[in-house]
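Q: Please take a close look at the ligand site and the parts of the chain around it. Keep it brisk, and give the cut-offs as you go.

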Amino acid sequence: YHAKLDRDRTCTYSARYAVNTVERLRLLTDLRAAIDAGQLAVEYQPQVDLVTRRVVAVEALIRWRHPERGMVPPDSFIPLAENSGLIGELTEYVLDTALATLAGWRRSGHDIRMSVNLSARHLSELSLPRVVTESLDRHGVPASSLVLEVTETGILSDPARVDLIIGALRLFGVGIAVDDYGTGHASLGYLKRLDIDELKIDRSFVSDMGRDAQDHAIVRSTLALARDLGLRVVAEGIEEESTAAELRALGCDVGQGYHLGRPVPAAEVVRILDEQTVPVPPRPATV
Ligand code: C2E
Ligand code: MG
Ligand code: MG
Ligand code: MG
C-alpha cells in the first residue's frame, strides 16, 4: 500500500512539476539550500468573520523566493519535501515564524488565531506535540490561539498514532481543523472519533456555489452537519461578494478567499488589524 502511495505521488508531481528525476533532484538541492539562505518566507491569508467582516484568524502559507525560478508555489515543493525528510524542518520553520509573528501582533493588542498547515507525515510523528508546545512556550502564545490544519489523507495515514497525536494536541488546547474538507477519501467516522474543532470546506465546492446547484447542496449540508456537531466552519476560496453573502445567509461563520483578502506579508496584516481596531471617529458637532 505504501509503495503504491509513493509511486502515485512520484508520478503526480513528476508529471506536473518536474520533468524528470534530475530536475527533481536539483529542486531538492535548491530547497535544502533555500532553508539555510533564508529564501523561505511565510505569508498570511485573512480569515474573516462573515457577519462582522473582521479578520479573526490568518492562515500561514509558505513561500519560496527562488533566485532564478522566481516564486515557486508550495504545491510543487511540499510533496518533494515530504518524500525527502525536509518536511519536518520546513514545518518547524513555518510554525515558529508564524508564532513569533502572532506574538508580536498580540503585544500590539491583536488577539486573533493562527492556522498552520501540517503534512500527512506529521500526524504520525510522535514528537509533534512536543515540538508544537515548545514553540508556543518560546513565544508565549496560548495554545488556544493556534489551529493546526490537517487533511483527511493525513488522518487516514496511521489511525492509531493519529488518534494519539491529535489527542495530545487537543489536551494542550491546540485547535485542529480538517483542511480541504470533502476532497479526501476518509469516511465520516473520524469526525466522531477525533476531537476536531473546525472544518474548512474546500474551495472546489465554494467558488462556484452561486452557479452550481450541486456545490451549493454540498456546502449547505456540510454547514448543517458542522452545526450539529458543534464545529466551526471556514469556507475556502471565496472569490466574489455574492458567495460571501450567500455563505453568511447559510450561517457559515468564517470565510477565506481572494475576495476577502489574499495571502500577504506580516506587515500588511498589521495594517489591516490596526485599521479594524480604529474606533469610528465621532461626528463633528453641528452648530
Ligand atoms: P491550503 O492549505 O488549502 O491553502 C489554501 C490555498 O488556496 C493557498 O494556496 C491560497 O493562496 C489559495 N487560495 C486562497 N484563497 C483562494 C481563492 O479565493 N481562490 C483560489 N484559486 N485560491 C485561493 P498556496 O499558498 O499556493 O498553498 C497551496 C497548498 O500548499 C496549501 O493548500 C497547503 O496544502 C500547502 N501549503 C502551503 N503552506 C504550507 C506549509 O507551511 N506547510 C505545509 N505542510 N503545506 C503548506
Ligand atoms: Mg490549509
Ligand atoms: Mg485548503
Ligand atoms: Mg490544499
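A: The answer starts with the ligand, moves to the metals, and then follows the surrounding chain.

This is a predicted model, in which local features need pLDDT of at least 70, side-chain atom pairs count only at pLDDT 80 or more, and totals for chains, interfaces and linings use all residues. Residues are numbered from 1 along each chain as its sequence is written, chains are lettered from A and ligands numbered from 1 in the order in which they are written, and side-chain values use heavy atoms, with hydrogens and water left out.

Start with ligand 1. Its shell holds 23 residues, and the closest are R63, N117, D179, E239 and Y258. A residue belongs there if one of its heavy atoms lies within 4 Å of the ligand. By class, the shell splits into nine nonpolar, five polar and nine charged residues. Here Ala, Val, Leu, Ile, Met, Phe, Trp, Tyr, Cys and Pro count as nonpolar, Asp, Glu, Lys and Arg as charged, and the others, Gly among them, as polar.

Three elements each give at least two shell residues: β2 (55–66), α3 (74–84) and β6 (175–181). The largest share, four residues, is from β2. Helices (H or I, at least four residues) and strands (E, at least two) are DSSP runs, numbered from the N terminus.

Now the polar pairs. A polar contact is a pair of N or O atoms within 3.5 Å; within protein, one must be able to donate a hydrogen and the other to accept it, and residues adjacent in sequence count only if both atoms are side-chain atoms. The side chain of Q45 places a polar atom 3.1 Å from a nitrogen atom of ligand 1. For R63, a side-chain N or O atom is 2.8 Å from an oxygen atom of the ligand. N117 also has a polar side-chain atom 2.8 Å from a ligand oxygen. Of the 800 Å² of accessible area that ligand 1 has on its own, the protein covers 86%. Such areas come from the Shrake-Rupley method with a 1.4 Å probe; for residues, only the protein chains shown count as cover.

Next, the metals. Ligand 2 is a magnesium ion with protein donors E59 (OE), N117 (OD1), E149 (OE) and D179 (OD), at 2.0 to 2.2 Å. Donors are N, O and S atoms within 2.8 Å of the metal (3.2 Å for Na, K and Ca); water is not among the atoms, so sites may look incomplete. Along the chain, these donors are spaced E-x57-N-x31-E-x29-D. N117 in strand β4 (residues 113–117) and D179 in strand β6 are 62 residues apart, a pair that links distant parts of the chain.

Ligand 3 is also a magnesium ion, with donors D179 (OD), D180 (OD), E236 (OE) and E236 (OE) at 2.1 to 2.5 Å. Their spacing reads D-D-x55-E. D179 bridges the two ions, which lie 4.0 Å apart.

How exposed are these donors? Buried means under 20% relative accessible area, exposed over 50%, and partly exposed in between (1.4 Å probe, protein chains only). D179 counts as buried because its value is 7%. N117 is partly exposed at 27%. D180 is partly exposed, at 27%.

Then Q256, in the loop between β9 and α12 (266–277). Q256 is buried at 3%. Its side chain makes a polar contact of 2.9 Å with that of K200. Contact means heavy atoms within 4.5 Å. Setting aside residues up to four places away in sequence, Q256 touches Q45, P46, Q47, E59, K200, V234, A235, E236, G237 and I238. So E59, a donor of ligand 2, and E236, a donor of ligand 3, both appear among the contacts of Q256.

S207 also meets this stretch of chain. S207 is in the loop between α9 (203–206) and α10 (213–229). At 14%, S207 is buried. A polar atom of its side chain lies 3.0 Å from the backbone oxygen of G237. With the same sequence neighbours left out, S207 touches G237, E239, E240 and T243.

Finally, V219 sits in helix α10. V219 is buried, because its relative accessible area is 0%. Beyond four places in sequence, its contacts are I201, F205, V206, M209 and L247. V206 is 13 residues away along the chain, with the C-alpha atoms 7.0 Å apart.
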